[in-house]
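Got the viewer open? Here's a short walk through this structure, one selection at a time.

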Amino acid sequence: MLEIKNLYKRYGKFLAVNNLSLSIAEGEIFGFVGPNGAGKTTTMKIVAGLLKASGGQVLINGINVISHPGKLREKIGYMPDFFGVYDNLKVDEYMDFYAGMYKIPYKDRPAIIDNLLEIVDLSHKRDAYVDSLSRGMKQRLCLARSLIHDPDILILDEPASGLDPRARIEMKEILKQLRTLGKTIIISSHILPELAELCTSIGIIENGQMVACGKVNEIMQQLTHKRIIKIRLLDKMEELIRILQEQPDIHNIFEKTDEVEFEFDGDDIRLSQLLKQIMEKDVLLTAFHEKEGNLEDIFMKITKGGE
Amino acid sequence: MMINPVLRRELKTKLRSWKAPVLLMVYLIILTGFGGLVLLLTLYTSYDNSFNPQDTLTVYVLLAGCQMGLIILLVPALTAGTISGERERQTLDLLKVTKISSFSIIMGKLLASISQIMLMVLASIPVFSIIFIFGGVSLKNIALLFLYYIVISITLGSVGIFCSTYFRKTTVATVVTYLFILIFCFGSLIVYAIVQEFVYYIFSYSDGLTYFQSVLLIGGNPFLGFLSVIENQLGTDTLYYFLNAHNNPLNINIKLWQFNLVFNCLVSVLMIFLSVLKIRR
Ligand SMILES: Nc1ncnc2c1ncn2[C@@H]1O[C@H](COP(=O)(O)OP(=O)(O)O)[C@@H](O)[C@H]1O
Ligand SMILES: [Mg+2]
């Protein structure tokens with residue numbers, strides 16, 4: 001359905017997207033996660049045909065977006081991270097305007113608009129002026145707008161950002177409903193848990209690079225379980241290895257001349273017990289620390305919402 | 001048949017806002033106020049306190065000039081914010097991702113602004129009709145004048161839209177549009193004067209520029225275009241000497257206003273073309 005191959009985007013000297021590749025199958029809901037400034041918006045704008053890539057390809061059903069932007073406009077629905085509305089325009093006129101922009105015949109519009117306003121729960125506001133709506137309502141209206149031409153692919157750039165908790169939940173409920181429409185959806189966020197329950201697969205981006213990509217459960221498992229511990233020691237290497245091998249929550253022990261690295265599944269209490277156990281055997285340690293692995297680092301940022 | 005959705009929305013929101021009617025009212029007040037003043041002055045200055053057809057013509061010319069000035073002042077204000085305003089409001093991307101072409105977006109914007117100007121110009125017809133009562137100006141004359149208004153509005157409007165697509169901020173776009181028009185109106189006159197001097201004194205061509213060269217050089221000037229339209233109606237020819245019309249070896253008889261209309265159309269096409277190019281990316 002959607003394939004991004006070796007995408008690059010340069011702003012002057014700054015590389016905002018760096019050799020990014022991903023592939024999304026039809027009907028999938030792809031969560032695009034990464035801290036602020038990671039390059040999510042840039043990537044999505046390129047897919048939506050709003051920005052020119054510095055290199056690479058974006059293929060939709062095998063057609064290159066970059067060389068045929070016109071052909072793909074009707075296939076893509078796009079909701080930007082920041083957007084405005086017009087003054088002196090009512091909700092249904094707003095929808096009608098964008099219906100016109102997609103050349104939808106006048107006679108088909110009322111039914112489409114009714115249906116979409118129903119989905120985003122704004123039917124009761126159809127005669128209200130758009131600029132009088134709350135932030136959450138505007139966001140929902142913009143979502144309805146992005147669906148007006150019944151696109152196959154929906155690109156939603158942080159649809160829940162800047163909303164209060166209640167509006168956030170409402171938005172989430174609507175997004176869950178969208179799953180039933182059978183569309184391929186790409187949705188971005190800088191907060192991982194926000195997407196985890198909504199998506200079928202997830203890609204994690206940092207500094208313009210994709211650091212992990214796959215099915216939700218795989219990624220979550222990778223992120224929550226894998227901690228890498230590094231020990232540096234002066235002697236008694238065999239002794240240490242023996243202790244480590246006895247532990248049920250240690251895997252993939254990797255031995256160098258004066259260093260040992262391993263994956264650790266346990267919590268902090270288990271970790272301190274392990275250290276105590278090693279010390280009791282008089283192994284002379286010079287360092288015992290958790291390696292600042294890429295994934296944990298990013299995970300910390302995206303689970304907390306990063307700053 | 002579908003109306004350009006940008007035009008449709010613009011007209012709808014314009015008519016709803018308080019700005020459009022207020023602007024129209026101020027416009028008419030200025031125009032009638034000016035017309036009334038001129039009328040009174042001609043009345044008082046004529047020695048028998050009565051009207052003669054020559055006075056009506058004076059009033060007509062001054063009124064037409066006032067309208068021309070208002071158009072030159074208003075069009076940039078109405079157009080220079082059209083695209084940059086969408087950008088500032090963060091709605092431009094939402095237009096660009098749709099199926100509508102960049103050309104339709106630009107034309108929708110231009111037509112909406114021109115419609116607003118046309119509304120004002122049409123509303124001014126009753127003011128002008130006072131002059132018809134006294135006679136002296138034919139309907140055909142007034143039709144040509146109003147055609148000229150439309151064409152000059154489109155030209156200045158497309159310059160405004162061009163600036164609006166190339167400059168991110170509405171304020172900058174507005175200032176640059178006025179600068180453009182200033183150069184258009186006065187800069188061309190200065191260049192023309194300098195070239196004339198050169199030809200006379202440096203190259204010592206005693207006859208100066210030919211009529212056709214003069215028209216090519218200065219014929220795009222909106223003031224002279226307007227003056228030429230008016231002179232065509234009054235049958236006067238003060239532009240004759242200004243344009244060296246006696247020096248016409250090729251015997252080309254194109255009137256300045258005719259050239260001016262063609263020139264304006266070409267400028268509009270160019271400006272619209274450049275705007276479309278810019279907005280596409
Ligand atoms: N127009 C631009 N000019 C220069 N740098 C930009 C521009 N847009 C974005 N950037 C930079 O590119 C990086 C990626 O931005 P963005 O795609 O908006 O990230 P995200 O949406 O993941 O927060 C950021 O460091 C940002 O500062
Ligand atoms: Mg972003």
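Start by selecting residues 153-157 and 184-189 of chain A: these are strand 7 and strand 8, which run parallel and are joined by five bridges. Keep in mind as you click around that this is a predicted model. For one rung of that pairing, pick A:D157; its bridge partner in strand 8 of chain A is A:S188.

Now widen the selection to the whole sheet. Strands 7 and 8 belong to an open sheet of six strands in chain A, ordered 6-7-8-3-9-10, and the pairing is mixed. Colour strand 6 (76-79) and strand 10 (209-215) of chain A to mark the edges, since each of them pairs on one side only. Ignoring direction, neighbouring strands here are turned by 15° against each other on average.

Next stop, still in chain A: another sheet. Four strands make up this open sheet, in the order 2-1-4-5, with antiparallel pairing. Its edges are strand 2 (14-24) and strand 5 (63-64) of chain A, each with pairing on one side only. Select residues 2-11 and 55-60 of chain A to see strand 1 and strand 4, an antiparallel pair with five bridges. Zoom in on A:Y8 and you'll find A:G55 of strand 4 of chain A standing opposite. In general, strands of a sheet pair through backbone hydrogen bonds, either parallel or antiparallel.

What lies across strand 1, strand 2 and strand 4 of chain A? Add residues 40-47 of chain A: that's helix 1, running at about 120° to strand 1 of chain A.

Time to hop over to chain B. Show the side chains of B:V175, B:L179, B:L182, B:F186 and B:F223, which form a nonpolar patch on the surface with about 460 Å² of accessible area together. Helix 9 (residues 170-202) of chain B gives the most to this patch, with four residues. B:V175 sits in helix 9 of chain B. Is B:V175 buried or exposed? It counts as exposed because its relative accessible area is 52%, and the cut-off for exposed is over 50%.

Last pick: B:F132, in helix 7 (residues 125-134) of chain B. With a relative accessible area of 27%, B:F132 is partly exposed. Leaving aside residues up to four places away in sequence, B:F132 touches B:V137 and B:I142. Finally, draw a C-alpha to C-alpha distance from B:F132 to B:T56: they are 76 residues apart in sequence and 8.8 Å apart in space.

Methods
Residues are numbered from 1 along each chain as its sequence is written. Chains are lettered from A and ligands numbered from 1 in the order in which they are written. This is a predicted model: local features need pLDDT of at least 70, side-chain atom pairs count only at pLDDT 80 or more; totals for chains, interfaces and linings use all residues. Side-chain values use heavy atoms; hydrogens and water are left out. Two strands pair if DSSP finds at least two bridges between them. Helices (H or I, at least four residues) and strands (E, at least two) are DSSP runs, numbered from the N terminus. Contact means heavy atoms within 4.5 Å. Axes are lines fitted to C-alpha atoms, for helices over the stretch in contact, and angles run from 0 to 180 degrees between N-to-C directions. Patches are made of residues with over 30% relative accessible area and no salt bridge: like charges are joined within 9 Å, nonpolar side chains (Val, Leu, Ile, Met, Phe, Trp, Tyr) within 5 Å. Accessible areas come from the Shrake-Rupley method with a 1.4 Å probe; for residues, only the protein chains shown count as cover. A salt bridge is a side-chain nitrogen of Lys or Arg within 4 Å of a carboxyl oxygen of Asp or Glu. Buried means under 20% relative accessible area, exposed over 50%, partly exposed in between (1.4 Å probe, protein chains only).
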